[in-house]
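Please open the model in your viewer and keep the sequence panel beside it, since each stop on this tour begins with something to select.

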Amino acid sequence: MKKTVRLLLFLVLLLGLVSCGFPTFTLVGCGDVQGLIDAIDAANSTPATNDTIELAADCLYELTAIHNSTTGDNGLPAITSPIVIRGNNSAILRSTNTTYEFRIFFIASGGVLNLEDLNLFNGVAHDTANQTILANNSGGAIFNMGEANLTRVNVKDNSSHGEGGGIFNFGTLTMLESALMNNECFISSIWSMGGGAGLTNYGDATITRSAITENGTAQQMWDGIFNASQKTLKIENSTISGNAVSGIDNEGLTSLNYVTFAHNWVSLSSWSGSVYVRNSLFADSPCIGNAIFPIGINMDTDGSCGASLTVSYAQLQFGPLALNGGLTLNHALLPNSPAIDAVSTVPSGTFAADLCPPTDQRGALRPYGASCDLGAYEYQGVAVSDQSAGGTPTPTPTPAPGGRDPLSGATATTTPTHTPTLTPTNTLTPVPTATPTHTAAPTHTLTPTARPTRPPRPSATATKACDPTKERCPTPSPTPRSP
Ligand SMILES: [Ca+2]
């Protein structure tokens, strides 16, 4: 009897292996878009295996046509199964020589897309057949209804005719050492809908050691990130800088730890839901809303964020947006900044998470010195005059006097294990293409145009005519948003 059972179990296992197959690994040649499409189709045809597609290094995969119109027009097949795409610092982009508008990736419910070391440029979410359906026109680089995991992925210069110029998330999204940069939406944001030009989140999003910078335009009034009612957003060790309206506009449940906000028109806006803020820094970036809850030690430069510490911007000793030895843009703390070692080493009561994470945004070990520093950057005792002067950031910082490598945290002077690849500008050389025959001017270019002048920023004492208990209230501004 026992033998029969064992035999049956063996047969079931064998049957399972045969029917499921083994994960496949496909190499796609440099710039071979059809090869990439074929590889995705093949991977989708075996939904039980987590298949890997590897792109050639430092190549451009230029999409020129609409592949399908699943929930809007897409340049690549919908992701319906678990797939890993290793980018090797290549870019998948909507060609600047096409007049078609389409997003890059649509991830269906049940699909899992793991992207590594990849750039996603110039996607435009549009549904030519259903221009009034907001979702179909959302998510310029990625529309996710399944699971999307981005590791060292640069989402830059994407846009939409709906929400989420960069990413529109309805599923589960994780971002690690990744960037949302210069994404935008074309329509004017109105209060009945989300406002995230970088990311609009109607799902569950976790962002770690990443940068959300310069998304949205002041004219169209879009934020860096919008987090919808009852949806969760967790951000740690990340920089949110230079976004057109709010860095984060929250209606849901947002948790922030070691986040640096700088030079956003408003850093945080939250009139409903809740935003819990710990160990974070607000530099020239005010807060508005009554649903922001600072915990423990935070620092701001105008008192509007309810932080326990308020200093002037000049006192803060704060560097410009630069790589500072990391993979994603961040702001250095200069040698005498009061944010250095400002985090208590003693957990404050119930919130043990006041303790330092193992590294900062760049990967430099925390704590350096007596304690952790507020925000995404841990000062390593190195001279940063080149960074504060706005010069070219040094990709390999000088090891600290104590012998610690600022990037890796190693005690030896080892070079970084990987070179910074997510540079703020696209340094990839496009494959030469024939001159396009059409003469119509493209509506979008990779080079952002100068921003229109935006209205004065709200002050902490700005009066608000709107009742937040009854409606979603706009940013106090002399020129309120129009629907
Ligand atoms: Ca420190």
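Select Gln-317 in this predicted model, and you will find Gln-317 in the loop between helix 3 (313-316) and strand 29 (318-322). Although Gln-317 is not a glycine, its phi is positive, at about 55°. Is Gln-317 buried or partly exposed? Because a residue needs 20 or more other C-beta atoms within 10 Å to be buried, Gln-317, with 19 C-beta neighbours inside 10 Å, counts as partly exposed.

Next select Asp-117, which has its place in strand 6 (residues 112-121), and which is a residue other than glycine with a positive phi, near 50°. Asp-117 has 21 C-beta neighbours inside 10 Å, and therefore counts as buried. As background for both stops, most residues other than glycine have a negative phi, and most peptide bonds are trans.

The second half of that remark leads to Arg-366 and Pro-367, where the peptide bond from the one to the other is cis, with omega near -10°. Pro-367 is found in the loop between strand 30 (330-333) and helix 4 (385-388).

Now turn to the sheets, and select strands 5, 8, 11, 15, 18, 20, 22 and 25, which form, in that order, an open sheet of 8 strands with parallel pairing. Strand 5 (105-107) and strand 25 (287-288) stand at the edges with a single partner strand each, so one side of each has no neighbour in the sheet. To look at one of these edges, select strand 22 (residues 266-270) together with strand 25, since the two pair in the parallel sense over 2 bridges, and then pick out Ser-269, which stands opposite Ile-288 in strand 25.

Another open sheet has 3 strands in the order 7-10-14, again with parallel pairing. Its edge strands are strand 7 (124-125) and strand 14 (184-185), each of which pairs on one side only. Strand 7 runs parallel to strand 10 (residues 159-160) and is joined to it by 2 bridges, with Val-124 opposite Ser-159 in strand 10.

Then select strand 3 (residues 60-63), from which Leu-60 and Glu-62 point one way while Tyr-61 and Leu-63 point the other way, all of them buried. Strand 3 runs parallel to strand 4 (residues 82-94), and 4 bridges join the two; Leu-63 stands opposite Arg-94 in strand 4.

Finally, select the whole protein chain, which holds 4 helices and 30 strands, and of whose 483 residues 50% count as buried.

Note on methods
Residues numbered from 1 in each chain as written. Predicted model: local features only at pLDDT ≥ 70, side-chain atom pairs only at ≥ 80, totals over all residues. Buried ≥ 20, exposed ≤ 12 C-beta atoms within 10 Å, placed from the backbone. Pairing = 2+ DSSP bridges.
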